[in-house]
Amino acid sequence: MRAVLTWRDKAEQCVYDLAFKPDGTQLILAAGNRLLVYDTSDGTLLQPLKAHKDTVYCVAYAKDGKRFASGSADKSVIIWTSKLEGILKYTHSDSIQCVSYNPVTHQLASCSSNDFGLWSPEQKSVSKHKSSSRITCCSWTNDGQYLALGMFNGVISIRNKSGEEKVKIERPGGSLSPIWSICWNPSREERNDILAIADWGQKLSFYQLSGKQIGKDRLLNFDPCCISYFPKGEYILLGGSDKQVSLFTKDGVRLGTVGEQNSWVWTCKVKPDSNYVVVGCQDGTISFYQLIFSTVHGLYKDRYAYRDSMTDVIVQHLITEQKVRIKCKELVKKIAIYKNRLAIQLPEKILIYELYSDDSSDMHYRVKEKIVKKFECNLLVVCADHIILCQEKRLQCLSFSGVKEREWQMESLIRYIKVIGGPPGREGLLVGLKNGQILKIFVDNLFAVVLLKQATAVRCLDMSASRNKLAVVDENDTCLVYDIHTKELLFQEPNANSVAWNTQCEDMLCFSGGGYLNIKASTFPVHQQKLQGFVVGYNGSKIFCLHVFSMSAVEVPQSAPMYQYLDRKMFKEAYQIACLGVTDTDWRDLAMEALEGLEFETAKKAFTRVQDLRYLELINSIEERKKRGETNNDLFLADVFAYQGKFHEAAKLYKRSGHENLALDMYTDLRMFEYAKDFLGSEDPKETKMLITKQADWARNINEPKAAVEMYVSAGEHAKAIEISGDHGWVDTLIDIARKLDKAEREPLLMCAQYFKKLDNPGYAAETYLKIGDLKSLVQLHVETQRWDEAFALGEKHPEFKDDIYVPYAQWLAENDRFEEAQKAFHKAGRQGEAVRVLEQLTHNAVVESRFNDAAYYYWMLSMQCLDIAQDPAQKDVMLGKFHHFQHLAELYHGYHAIHRYTEEPFSFHLPETLFNISRFLLHSLTKDTPLGISKVNTLFTLAKQSKALGAYKLARHAYDKLQGLQIPARFQKSIELGSLTIRSKPFHDSEELVPLCYRCSTNNPLLNNLGNVCINCRQPFVFSASSYEVLHLVEFYLEDGITDEEAVALIDLEAPRHNKRESKWQEITSNNSQTLRLDETVDSMGDDDPFTAKLSFEQGGSEFVPVVVSRSVLRSMSRRDVLIKRWLPPLRWQYFRSLLPDASITMCPSCFQMFHSEDYELLVLQHTCCPYCRRRIDDPSP
């Protein structure tokens, strides 16, 4: 540290205090009874201010720069504006000793001999507080919360903003050690507020806000008159009776003298935000100094040690950016670093440190040796076992114990010294002298070796890694490079202030100067880039640069020198440069250049660096070929060019080396078909066709299918063209190809047809199948697409395909519930058995799922199917048996459907009479085995409930009794038990209204008939309504032998008129569908003269049933309206029924031949739009 006087002035009276304007432009001095205002830049006195009547003792500027205040022996305080105008004045009862502005609230504290006052711009009055002793100095804390007052009696009183005492510090010396100056540390980095105190006990001490002392008192050996901190709190200025200003660390370590004066120093301050110091003295002298803090540092490879805060040493690892601080607590004068050694010179000793470990990144130092001795030296160097002191022309070598081992005397001043390595205890030093001599000195050798002598003084030196070259920067800013062995000047470069060789590359050095960094490789031109500072080291791609006080590692790509080597085809040297640090692009360029130069070893290393496996495989294959004896460099280079994308150059080289086929393969692999055609010219058409096919393959792969199809067609590769067109659904393209193909080309045409089917274009598929004559596939196509009409048309022409058409057709119909059509289709295909099996399965499923209505329908369908099959004489008997069985089951399930709904669903859909009749019908029919799904319990339960409701109590009791012997579901249990009990309260007979009548013999039948559904008297089977299950007034009759069905119908249709005995009594009017009788008196229309009635009236004798057989005459006498005919298909005979009550209309379904009351039938048809039994739709004309 050194102080440079900037300007000096002399006032007429003693300068007691001074203050800087916060922006540093003005300086206010208290000199005599005046205030002097100076311009700090050049020391010009701007204006003297005279307002006080006596000596001005103190002055202070507000932190915001708007006001300053002065205090005088005239007991007054004057407040001034920044424009140097006095705006306010107030007084104390004694002379003013000190003033201080609060840094936050701008409250002014003014202290006199016996009190202190607090004034703020907001308050009109000054609040004053008495003091027990004379106040000599005051200072506010950084946050403006507390004010410290220094007393003449050795006490420091710390007050709050209101003036109340919070802390009292009593110094040991008491009134013998008056407090003369105090100041709070302005640093915001300190954890606690620290108060520096200078007293006339000649001590400097530090206290916390709490009153606790920090450290011990520092003895000054003079009476301090003023103390002040630097703006950031890192240093302290102290002046007083020793007639000088001293610089201390913030911890109180003396660092040196700022400026010696001729009289006591009463005041000293630091200009805000700068290193300028102003000093005011007893004799009126004002001195303005600039403090220059010199850089004390040392560098070895990637470790940089430098001084910080004058007493600390920071060691920085330039690569890892790690830092370690070594606190010496004394002024650090010199620093030297070498490998694991660090030497620090302090005023009275030299400390030698070593690293804890040999780890290159270890940053932990420990003290190895202490040389407690004062040394004067210009330069300090440390080696493994020695320290070297350089003073003017003399070099001294000392051991770590402080013993001088050797000394060298130079001819001229030593300007530069550097350790250049060597074994421990025998290191070499490079020394540059002012007279231009450059020497090499070994620590263990008394004799210096002169390397060379040049005309100009040495400023900086460095030796290359192999110690073959020496770089010198002289006082003319020229960088000169010599060959050490020949002493020859290799080259020189201007504008250099420092130089460094690359530690990893022999031929590279860098030098700085003029704001530029210059990198020079070998003898190539210099590469420049902007950089401020001094180059002090060059390691790989990192350049260590010292700028002002900071050292930084600058990453410099070595691209420029690498390209300089590449331009001269010096691949190995270029690789060495690249290893120092270049970008990936540079590595790739190096690899490519080396590859083109057929320098495979370098290329391989470079491609490995960028991890390019493609090129590494190429190099590997070329090396393998070379091992096998291939020597054609043109061929190798052609492969390289092909890999690089220089295809035309590669093709030329292939041709030159006689490998045209490789060029052709290259072009086709790259899909450069036009170039390939040009390369071929008009040679072999086979090759051209092959090219087109490859081109089409490529177009297909790059998703250009249209182009690929065209190319495949032109190359004759129809299958591939069809495949692409089909996969993309291009029907038009496919049909074009199919139509162009010859019918002999069966495979591609079949492919076309398959795609047409897949793309839902059966028309084109049919056209294609016809073209190749594949009728079987055509039939299959029609069947798959369900185009049955075309299939049937084809079947007519080619009967051999009948089975292929009708079987799938029938299956399709059955799946779509079109059973009648399915039956016909099965019949046409001759597969009646299959039809029956499908229907049986459907029926079984319906029963299992309790869809009894459907089951009845399916059984009826089955019966009709069996009847159809029965036309075959071979199967007639079996099928007729099945027909009657299925008809019976259909009737049962049709009836049971109502019972099931009644028992399972909450609401009844049928009248009680209907449920009553159905229950009886089922019980009469279930004389043998009970079919699957039909529950006797449900039937009896329904019968019991409906009998009870309708008054058939006897029958109900019988039903309940029957139920007791059956397994009853839990849900019916309670109801049945209750019903069994309650029925006992009813009379034991049935209502006569419910008793069924036989219309043949007029016998009343019991409600429960052991014979079943036949009359107990005449054994005539009852005919039931298929909806209400009432006994219909129909009697079945049979034809006499010899009368055919057609003849019988013709006879009935004759409608022979019948004459009553009493013609005058009634008149008959006959119209199309009705007959009206006008009666004068009761006339029996079915008189005794009716031959059919006569046939009925005989007495039934035996237990065998005797059917009613009619002759031609009887038939002729019948009315067509009274006869219902079931026109069964052969081999069944037709069934004839005569209505005995013609006025009560009965309707028979023409399909299933079930009988209904006409009103019931019409209602049901309206509800279902079909017959409720066989589901024949009313709009279906066929029977």
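These legends describe close-up views of a predicted model of a single protein chain.

**Figure 1. The whole chain, given as an overview before the close-ups.** The secondary structure comes to 30 helices and 63 strands. The chain has 1183 residues, and 51% of them count as buried. About 56100 Å² of the chain is exposed, with carbon and sulfur atoms supplying 48% of that area. Among contacts in the chain with a separation of 6 or more, 43% are between residues 24 or more positions apart.

**Figure 2. The hairpin formed by strands S22 and S23.** Strand S22 covers residues 224–229, and strand S23 covers residues 235–240. The two strands pair in the antiparallel sense, over 5 bridges. Ile227 stands opposite Leu238, which belongs to S23. Between the two strands are 5 residues, and Gly233 in the turn has a positive phi of about 80 degrees. S22 is mostly covered, as 6 of its 6 residues are buried.

**Figure 3. The surroundings of Pro987 in a loop.** The loop lies between helix H26 (970–983) and strand S56 (1034–1039). Is Pro987 buried or exposed? The relative accessible area of Pro987 is 38%, so the residue counts as partly exposed; the buried class is under 20% and the exposed class over 50%. Leaving aside residues up to four places away in sequence, Pro987 touches Tyr953 and Lys954. The C-alpha atom of Pro987 is 9.3 Å from that of Ala952, although these two residues are 35 residues apart along the chain.

**Figure 4. The largest nonpolar core, with 61 residues.** In soluble globular proteins, nonpolar side chains tend to be buried together. Trp860, Tyr893, Leu922, Leu1034 and Met1155 touch the most other members of this core. Elements that give two or more residues to the core include helix H20 (832–848), helix H22 (876–904), helix H23 (912–925) and strand S63 (1155–1157). Which helix gives the most to this core? H21 does, with 13 residues.

**Figure 5. The contacts of Met1155.** Residues up to four places away in sequence are not counted in this view. Met1155 touches Val1023, Phe1024, Ser1025 and Ala1026, among others. Other contacts of Met1155 include Leu1032, Leu1034, Leu1124 and Lys1126. Met1155 also touches Phe1137, Ile1146, Thr1147 and Met1148. Apart from the largest core lies another core, of 49 residues, which includes Cys383, Phe400, Met410 and Leu439.

Notes. Residues are numbered from 1 along each chain as its sequence is written. This is a predicted model: local features need pLDDT of at least 70, side-chain atom pairs count only at pLDDT 80 or more; totals for chains, interfaces and linings use all residues. Side-chain values use heavy atoms; hydrogens and water are left out. Helices (H or I, at least four residues) and strands (E, at least two) are DSSP runs, numbered from the N terminus. Buried means under 20% relative accessible area, exposed over 50%, partly exposed in between (1.4 Å probe, protein chains only). Contact means heavy atoms within 4.5 Å. Accessible areas come from the Shrake-Rupley method with a 1.4 Å probe; for residues, only the protein chains shown count as cover. Two strands pair if DSSP finds at least two bridges between them. A nonpolar core is a set of buried Ala, Val, Leu, Ile, Met, Phe, Trp, Tyr and Cys residues joined through side-chain atoms within 4.5 Å.
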